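Trainee: I'm new to this one. Could you show it to me and let me ask how each label was earned?

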Amino acid sequence: MARATREKMIEGAVELLATKGLHGTSLGDVIDATGAPRGSIYHHFPGGKDELIAAAVDATGDEYVRWMEKFVGASPDMVAGGFLQFWRHTLLRSDMKAGCPVLAVTVSTDVDDLIDHARDVFRNSRAKLAELMAAAGVEEEAAARFATIAVAGAEGAVVLARAERSITPFDEVADNLVSQVAALPRA
């Protein structure tokens with residue numbers, strides 16, 4: 001039960017970060033969104049909001065890696081498409097109201113520990129994408145460069161789609177990224 005409450009609070013924080021950003025994610029908002037008992041915040045997160053936000057950032061990274069595991073053994077264009085599908089699904093599921101919780105934290109905090117968590121998630125995301133691209137036959141250095149461009153492009157495309165309340169900017173970036181895969185050198 002206690003584990004379920006903690007996980008529910010982390011999930012609530014992820015959702016709030018994705019839709020309202022860091023400053024729109026208070027401890028009270030998490031309690032309201034999850035129905036968790038008020039005293040559970042400091043029971044599960046004695047470090048307060050920063051500890052909860054760090055857990056939410058880490059959970060986002062874990063979710064992304066689990067998603068990408070679906071594409072082990074896929075072709076390079078399927079790996080790239082699968083990576084982009086994660087963000088397209090996020091946008092459509094939320095009617096263009098949800099973005100990346102990690103990006104929300106990165107651009108809104110000056111807390112070194114939270115920046116470190118965000119850095120690690122972005123590094124792991126790029127590394128996972130590069131690993132899958134290399135396993136699919138793309139030369140390792142090219143796979144790593146593509147992963148950096150793909151993560152940066154997807155993050156920017158999510159921001160544009162949310163701002164325009166349209167999937168079109170995201171799809172334009174996604175189509176461009178997937179078309180670049182054919183030109184990547186093979187190992």
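Mentor: Sure. Keep in mind that this is a predicted model. Let's begin inside: the largest nonpolar core has 60 residues, and those with the most contacts inside it are Met 68, Phe 83, Leu 129, Met 133 and Phe 170.

Trainee: Which elements give two or more residues to this core?

Mentor: They are α1 (2-20), α2 (27-34), α4 (49-69), α5, α6, α7, α8 and α9. The most comes from α8, with ten residues.

Trainee: What makes a set of residues a nonpolar core?

Mentor: The residues must be buried and nonpolar, and be joined through side-chain atoms within 4.5 Å. As a general background, nonpolar side chains tend to be buried together in soluble globular proteins.

Trainee: On to the loops. What is unusual about the phi of Met 96?

Mentor: Met 96 has a positive phi, about 65°, and yet it is not a glycine. Most residues other than glycine have a negative phi. You'll find Met 96 in the loop between α5 (76-93) and α6 (101-106).

Trainee: Is Met 96 called buried or exposed, and why?

Mentor: Buried means under 20% relative accessible area. Met 96 has 9%, so it counts as buried.

Trainee: Where is Arg 165, and what is its phi?

Mentor: Arg 165 sits in the loop between α8 (140-164) and α9 (168-181). Its phi is positive as well, about 50°, although Arg 165 is not a glycine. The exposed label needs over 50%; Arg 165 has a relative accessibility of 70%, so it counts as exposed.

Trainee: Which residues form the negative surface patch?

Mentor: Asp 50, Asp 110, Asp 112 and Asp 113 form it.

Trainee: Why is that patch called negative?

Mentor: Because Asp counts as negative, and the four residues named for this patch are Asp 50, Asp 110, Asp 112 and Asp 113. Take Asp 110: it is in the loop between α6 and α7 (112-135). At 69% relative accessibility, set against the cut-off of over 50%, Asp 110 counts as exposed.

Trainee: How many salt bridges are there?

Mentor: The count comes to eight.

Trainee: What makes the pair Asp 116 and Arg 119 a salt bridge?

Mentor: The rule asks for a side-chain nitrogen of Lys or Arg within 4 Å of a carboxyl oxygen of Asp or Glu. For Asp 116 and Arg 119 the N to O distance is 3.2 Å, so the pair fits the rule. They are three residues apart in helix α7, so about one helical turn separates them.

Trainee: Which label goes to Asp 116 and Arg 119: buried, partly exposed or exposed?

Mentor: Partly exposed lies between under 20% and over 50%. Asp 116 has 31%, so it is partly exposed, and Arg 119 is partly exposed with 34%.

Trainee: Which other salt bridge does Arg 119 form?

Mentor: One with Asp 120, where the closest N and O atoms are 3.0 Å apart; that is within 4 Å, so it passes the rule. Asp 120 is partly exposed, at 33%.

Trainee: How do you know that Glu 131 and Lys 128 form a salt bridge?

Mentor: Their closest N and O atoms are 3.3 Å apart, against a limit of within 4 Å, so the pair counts. Both lie in helix α7, three residues apart, about one turn of the helix.

Trainee: Are these two partners buried or partly exposed, and why?

Mentor: Lys 128 has 8%, under 20%, so it counts as buried. Glu 131 has 45%, so it counts as partly exposed. Salt bridges that share partners also join Glu 69, Lys 128 and Glu 131 into one network.

Trainee: What is the distance in space between Asp 62 and Asp 29?

Mentor: C-alpha to C-alpha, it is 23 Å, with their positions 33 residues apart in sequence. Asp 62 lies in helix α4, and its 46% makes it partly exposed.

Trainee: And how far apart are Leu 92 and Ala 36?

Mentor: They are 56 residues apart in sequence and 28 Å apart in space, C-alpha to C-alpha. Leu 92 lies in helix α5 and, at 43%, counts as partly exposed.

Methods: Residues are numbered from 1 along each chain as its sequence is written. This is a predicted model: local features need pLDDT of at least 70, side-chain atom pairs count only at pLDDT 80 or more; totals for chains, interfaces and linings use all residues. Side-chain values use heavy atoms; hydrogens and water are left out. Helices (H or I, at least four residues) and strands (E, at least two) are DSSP runs, numbered from the N terminus. Buried means under 20% relative accessible area, exposed over 50%, partly exposed in between (1.4 Å probe, protein chains only). Patches are made of residues with over 30% relative accessible area and no salt bridge: like charges are joined within 9 Å, nonpolar side chains (Val, Leu, Ile, Met, Phe, Trp, Tyr) within 5 Å. Accessible areas come from the Shrake-Rupley method with a 1.4 Å probe; for residues, only the protein chains shown count as cover. The place of a charge is taken as NZ of Lys, CZ of Arg, CG of Asp or CD of Glu.
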